[in-house]
Amino acid sequence: MLKNRIIPCLDVKNGRVVKGINFVDLKDAGDPVEQAKIYSDGGADEICFLDITASNENRDTIYDVVERTSKKCFVPLTVGGGVRSIDDINKLLNCGADKVSINTAAVENPKVVLESSKKFGSQCIVVAIDAKKNGDKWEIFTHGGRNNSGLDALEYVKKMEDNGAGELLVTSMDRDGTQIGYDVELMSNIASNVNIPLIASGGVGNLDHLVDGIKLGNASAVLAASIFHYGKHSVQEAKEYLDSKGIPVRI
Amino acid sequence: MKVTIVDYNSGNISSVINSFKEVAKDKVNIEVTADLNKIKSSDKVVLPGQGSFKSCVDALNKINGLTETLTEFAINNKKPLLGICVGLQMFADIGYEETETKGLGWISGKVSKIDNRNGKYKLPHIGWNQINIVKQSKLFENVENNSHMYFVHSYEFIPEDKNVISATTDYSSNIVCSVETENIFGTQFHPEKSDKLGLKIIYNFISI
């Protein structure tokens, strides 16, 4: 039976982890490679890096991070943030990323998804969306949530599926950072509208939220950042909790 | 000993390279190339494959003499070869992804789209699934039955001779996830992404 996945996400800026696990035995708490290794040793089903480097001149730092991580972690590694072109995707894959998530570029130029999935295969193309509720629909925001594209999320994801996206990473902007749980209504609406797997993101504050993301949101995988940071919960604890709630996980 | 990972522009193979180098340490020489002479002189060959069946077959055929060299290596000389994901699928006679495409024809059978039962199952089949080991296998030495492996695919290999199947996995149907003949090995899952147990499988292949 296919297991639901738990994916810890690390925000990386200028090659350093912004928030992270605070363990005494870490030699360098800001090193994304060490953090990723702790997660993969702890049973993370995948690792996700979100590059939030603002300036262009420091963009290359992520390549070095990915390259070093892929030599230490032997679970899938997804990298997103600032991915604009086929060339960016190619570079990340060559450094050892297994999947690349595309957000703003997919809205501005949907051909990037079409061409990259043709060139590299759908299995490595994740389309990430930031969605915000407006009336009875959800709209897609770009540029880290700053710009409203006006696009209807449910229609947009269908188009991305047709363009060859292998997975969707769906973040609720209404919930992101609130720790009150995923927007399971958004998740389940999108999940039932497409045939590709959905990764739920945004709003996790406790382990029950992970359960809700899967049971109510119909997500194939749940992504979380802050609950795994500072040792609040380990990935292993999360898995045991999901297991106790009858959710199939890899233990 | 020399193990060659065939680099034929089949997509992203860095994870395959990293995992083999991790397992090999300094004891085994891991070569990444499409050079025919280097392949011929190898002790073992790894045939990765990402993207579509058609794109991988096309990429193989683009390199003059590569298909013949691999066939000579695996079929005539019976040296160990491991196909991963589409690398395994290409063992088939024929694949139906994008368009009907001829495979290597090493193991009779076809590669078809996984039946998603009218949308009840998501495709690609992505994530960790358990393998059901159905025959004694060199690859699965010290790997327990029902171990989890990482999958990502929408097409499945359906061999004619069921005796080649060494493991299956349960999704919308019972999917063939590993085949083994005398010297030809293949995994539909990605051992290079399947954590410690995946590395164990790579170790087992290197140790054959």
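**Figure 1. B:Lys196 and its partner across the chain boundary in the predicted model.** In this predicted model, B:Lys196 is exposed, with a relative accessibility of 54%, and its side chain forms a salt bridge with A:Asp41 in which the closest N and O atoms are 3.8 Å apart. The pair crosses between chains, running from helix α1 (residues 32–41) of chain A, which holds A:Asp41, to helix α6 (residues 195–207) of chain B, which holds B:Lys196. On the chain A side, A:Asp41 is partly exposed, its relative accessible area being 44%. Side chains of opposite charge can pair when their charged atoms come close. Over all chains, the count of salt bridges comes to 21.

**Figure 2. Helix α6 of chain B and its buried residues.** Helix α6(B) is made up of 13 residues and reaches 18 Å from its first C-alpha to its last, which is close to the 18 Å expected at 1.5 Å a residue. The buried residues in α6(B) are B:Asp195, B:Gly198, B:Leu199, B:Ile201, B:Ile202, B:Asn204, B:Phe205 and B:Ile206, whereas B:Lys196, in the helix that spans residues 195–207, is exposed at 54% relative accessibility.

**Figure 3. A salt bridge within helix α2 of chain A.** A:Arg68 and A:Asp64 form a salt bridge, with 3.3 Å between the closest N and O atoms. Both residues lie in helix α2 (residues 61–70) of chain A, where they are 4 residues apart, about one turn of the helix. An α-helix has 3.6 residues a turn, so residues three or four places apart point the same way. Each partner is partly exposed, A:Arg68 with a relative accessibility of 34% and A:Asp64 with one of 41%.

**Figure 4. Packing of helix α1 against helix α2 in chain A.** The helices α1(A) and α2(A) pack at an angle of about 35°, and their axes are 9 Å apart; the crossing in which α1(A) passes α2(A) is right-handed. From α1(A), the contact is made by A:Pro32, A:Val33 and A:Ala36, and from α2(A) by A:Val65, A:Arg68 and A:Thr69. Sorted by class, the residues in this contact are 4 nonpolar, 1 polar and 1 charged. A:Arg68 thus appears in two of these views, as a residue of the helix contact and as a partner of A:Asp64 in a salt bridge.

**Figure 5. A salt bridge between distant parts of chain A.** A:Lys132 forms a salt bridge with A:Asp174, the closest N and O atoms lying 3.6 Å apart. The pair links distant parts of the chain, with A:Lys132 in strand β6 (residues 125–134) and A:Asp174 in the loop between β9 (167–172) and α7 (184–193), 42 residues apart. Both partners are partly exposed, A:Lys132 at a relative accessible area of 32% and A:Asp174 at 30%. Elsewhere in chain A, salt bridges that share partners join A:Arg5, A:Glu46, A:Lys99 and A:Glu167 into one network.

**Figure 6. Two residues of chain A with positive phi.** Most residues other than glycine have a negative phi, and most peptide bonds are trans. A:Asn14, by contrast, has a positive phi, near 50°, although it is a residue other than glycine; A:Asn14 is found in the loop between β1 (5–13) and β2 (16–17) of chain A, and is partly exposed at 33% relative accessibility. A:Gln179, which is not a glycine either, has a positive phi of about 60°. The loop that holds A:Gln179 is the one between β9 and α7 of chain A, and the residue is partly exposed, with a relative accessibility of 38%.

**Figure 7. Two loop positions in chain B.** A cis peptide bond, with omega about 0°, joins B:Leu123 to B:Pro124, and B:Pro124 is found in the loop between β7 (109–113) and β8 (125–133) of chain B. B:Thr181 is placed in the loop between β12 (174–180) and β13 (184–187) of chain B, where it is partly exposed, with a relative accessible area of 27%. Apart from its neighbours within four places in sequence, B:Thr181 is in contact with B:Ile107 and B:Val164. The C-alpha atoms of B:Thr181 and B:Ile107 are separated by 8.8 Å, although the two residues are 74 residues apart along the chain.

Note on methods. Residues are numbered from 1 along each chain as its sequence is written. Chains are lettered from A and ligands numbered from 1 in the order in which they are written. This is a predicted model: local features need pLDDT of at least 70, side-chain atom pairs count only at pLDDT 80 or more; totals for chains, interfaces and linings use all residues. Side-chain values use heavy atoms; hydrogens and water are left out. A salt bridge is a side-chain nitrogen of Lys or Arg within 4 Å of a carboxyl oxygen of Asp or Glu. Buried means under 20% relative accessible area, exposed over 50%, partly exposed in between (1.4 Å probe, protein chains only). Axes are lines fitted to C-alpha atoms, for helices over the stretch in contact, and angles run from 0 to 180 degrees between N-to-C directions. A crossing is left-handed if the near helix is turned anticlockwise from the far one by less than a right angle, and right-handed if clockwise. Contact means heavy atoms within 4.5 Å. Ala, Val, Leu, Ile, Met, Phe, Trp, Tyr, Cys and Pro count as nonpolar, Asp, Glu, Lys and Arg as charged, and the others, Gly among them, as polar. The expected span of a helix is 1.5 Å times one less than its number of residues.
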